[in-house]
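Subject: Structure handover

Hello,

Here is the structure for your files. Please open it alongside this message, as the notes below refer to residues by number.

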Amino acid sequence: GKGRWPGGDGVIRRIVFREAMTASLLSGRRRTRPFGLAGGSDALPGSARVERSDGRVETLAACDRAELAPGDMIVIETPGGGGYGV
């Protein structure tokens with residue numbers, strides 16, 4: 001989030017699967033954004049999706065599972081931190 005002291009950046013992780021498997025996701029801060037303080041702005045929420053090898057994209061819930069084939073990729077974007085001050 002923006003502020004006199006900006007919050008930290010989130011991380012983007014891209015994981016490509018080399019063989020078929022089931023993946024489970026347990027995460028938070030998907031609906032409620034990390035809040036700013038003393039006039040600082042909120043950070044962006046996190047998100048997760050599966051990018052299939054055929055180009056389809058499926059959004060994952062905060063707690064979800066997906067069946068993955070070789071070449072499929074999970075993309076996880078973690079939330080950043082809220083900003084502090086104006």
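What follows goes through the core, the strands around it, a pocket and the segment at the start of the chain.

Please bear in mind that this is a predicted model.

**Core**

The largest nonpolar core is made of ten residues. They are Phe-17, Ala-23, Leu-25, Ala-48, Val-50, Leu-60, Ala-66, Leu-68, Ile-74 and Ile-76. Four strands each give this core at least two residues: strand 2 (21-26), strand 3, strand 5 (63-68) and strand 6 (73-77).

Ile-74 is a useful residue to click on here. Leaving out residues up to four places away in sequence, Ile-74 touches Phe-17, Ala-23, Val-50 and Leu-68, each of which is also listed in the core. The other residues that Ile-74 touches on that count are Arg-13, Arg-14, Ile-15 and Arg-49.

**Strand 3 and the loop after it**

Arg-49 belongs to strand 3. Its side chain makes a polar contact of 2.9 Å with the side chain of Glu-51. With neighbours within four places in sequence set aside, Arg-49 is in contact with Val-57, Glu-58, Thr-59 and Leu-60, and also with Met-73, Ile-74, Val-75 and Glu-77.

Arg-52 sits in the loop that runs between strand 3 (47-51) and strand 4 (57-59). Is Arg-52 buried or exposed? Arg-52 is buried, because its relative accessibility is 13% and the cut-off for buried is under 20%. The side chain of Arg-52 has a polar contact with the side chain of Glu-58, at 3.0 Å. Beyond four places in sequence, Arg-52 touches Glu-58, Glu-67, Leu-68, Ala-69 and Asp-72. Leu-68 in that list is also one of the core residues.

**Strands 4 and 5**

Val-57 is part of strand 4. Val-57 has a relative accessible area of 53% and is therefore exposed. Residues up to four places away aside, Val-57 touches Arg-49, Val-50 and Glu-51. The C-alpha atoms of Val-57 and Asp-72 are 9.9 Å apart, with their positions 15 residues apart along the chain.

Arg-65 is in strand 5 and counts as exposed, at 55% relative accessibility. Its side chain makes a polar contact of 3.0 Å with the side chain of Glu-67. Glu-67 is also touched by Arg-52. Outside the four-place window in sequence, Arg-65 is in contact with Thr-22, Ala-23, Ser-24 and Leu-60. Of these, Ala-23 and Leu-60 are listed in the core.

**Pocket**

Rolling a probe the size of a water molecule over the atoms shows where empty space is left. The largest pocket holds about 230 Å³ of space. It is lined by 17 residues, and those closest to its centre are Asp-9, Gly-10, Leu-44, Thr-78 and Gly-80. What kinds of residue make up the lining of the largest pocket? Six are nonpolar, seven polar and four charged.

**Start of the chain**

Gly-1 lies in the segment before strand 1 (12-16). Its relative accessible area is 25%, so Gly-1 is partly exposed. Leaving out residues up to four places away, Gly-1 touches Pro-6 and Gly-7, then Ser-41, Asp-42 and Ala-43, and finally Gly-81, Gly-82 and Gly-83. From Gly-1 to Leu-44 the C-alpha distance is 7.1 Å, for a separation of 43 residues in sequence. Leu-44 is one of the residues closest to the centre of the largest pocket.

Arg-4 is in the segment before strand 1 as well. Arg-4 is exposed because its relative accessibility is 59%. Apart from neighbours within four places in sequence, Arg-4 is in contact with Tyr-84, Gly-85 and Val-86.

Two C-alpha distances relate this segment to the strands. Arg-4 and Ala-48 are 29 Å apart, with a sequence separation of 44 residues. Gly-3 and Arg-65 are 36 Å apart, with a sequence separation of 62 residues.

**One backbone point**

Most residues other than glycine have a negative phi. Ala-38 has a positive phi, near 55 degrees. Ala-38 is in the loop between strand 2 and strand 3, and its relative accessible area of 52% makes it exposed.

Regards

Notes. Residues numbered from 1 in each chain as written. Predicted model: local features only at pLDDT ≥ 70, side-chain atom pairs only at ≥ 80, totals over all residues. Heavy atoms only, no water. Buried < 20%, exposed > 50% of the residue type's maximum accessible area, 1.4 Å probe, protein only. Polar contact = N/O pair within 3.5 Å; in protein donor to acceptor, adjacent residues only side chain to side chain. Contact = heavy atoms within 4.5 Å. 1 Å grid on protein atoms, 1.4 Å probe; cavity = no way out; pocket = protein on both sides within 12 Å on 5 of 7 lines; lining within 4 Å. Points joined across faces, edges and corners; volume = space filled by probe spheres on them. Nonpolar A, V, L, I, M, F, W, Y, C, P; charged D, E, K, R; others polar. Core = buried A, V, L, I, M, F, W, Y, C linked by side-chain atoms within 4.5 Å.
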